[in-house]
Amino acid sequence: AERRLARVRQSTQTYLALLSQKHYSKMISKFKVIFESQLQGFLGQIQQESTKRYEHFLSNMLTRLDYNEYYSSVLQPQRAPTPGLG
């Protein structure tokens with residue numbers, strides 16, 4: 001049991017050292033940007049196809065993937081405000 005505890009401590013220290021390096025944070029940020037971009041495109045395609053073809057299963061899938069509209073609100077492309085509005 002004591003050897004296992006020592007191995008767990010060693011592994012924990014190794015992983016914490018890896019996580020604290022700058023390249024790890026950059027890698028995670030890069031993957032986040034790629035994921036969000038791909039997800040935004042995918043949700044947009046589903047929405048477009050479901051309205052163009054009136055496919056109920058696509059609307060249902062979009063609702064399930066974005067049930068609280070979190071992704072569609074967070075991942076909206078940043079648009080410049082329209083002059084005279086707001």
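**Exercise 1.** Determine which residues of α2 meet which residues of α3, and sort them by character.

*Solution.* In this predicted model, local features need pLDDT of at least 70, side-chain atom pairs count only at pLDDT 80 or more, and totals for chains, interfaces and linings use all residues. Residues are numbered from 1 along each chain as its sequence is written, and side-chain values use heavy atoms, with hydrogens and water left out. Taking contact as heavy atoms within 4.5 Å, Phe42, Leu43, Ile46, Gln47, Glu49 and Ser50 of α2 meet Leu58, Ser59, Met61, Leu62 and Leu65 of α3. These contact residues divide into seven nonpolar, three polar and one charged, where Ala, Val, Leu, Ile, Met, Phe, Trp, Tyr, Cys and Pro count as nonpolar, Asp, Glu, Lys and Arg as charged, and the others, Gly among them, as polar.

**Exercise 2.** Describe how α2 and α3 are oriented towards each other.

*Solution.* Helix α2 spans residues 22-53 and helix α3 residues 56-65, helices being DSSP runs (H or I, at least four residues) numbered from the N terminus. They pack at an angle of about 150 degrees with their axes 8 Å apart, the axes being lines fitted to C-alpha atoms over the stretch in contact, with angles from 0 to 180 degrees between N-to-C directions. The two helices are therefore roughly antiparallel (angles over 145 degrees).

**Exercise 3.** Decide whether Thr63 is buried, partly exposed or exposed.

*Solution.* Thr63 lies in helix α3 and has a relative accessible area of 46%. Buried means under 20%, exposed over 50% and partly exposed in between, with a 1.4 Å probe and protein chains only, so Thr63 is partly exposed.

Notes:
Angles under 35 degrees count as roughly parallel, over 145 as roughly antiparallel, 65 to 115 as roughly perpendicular and the rest as oblique.
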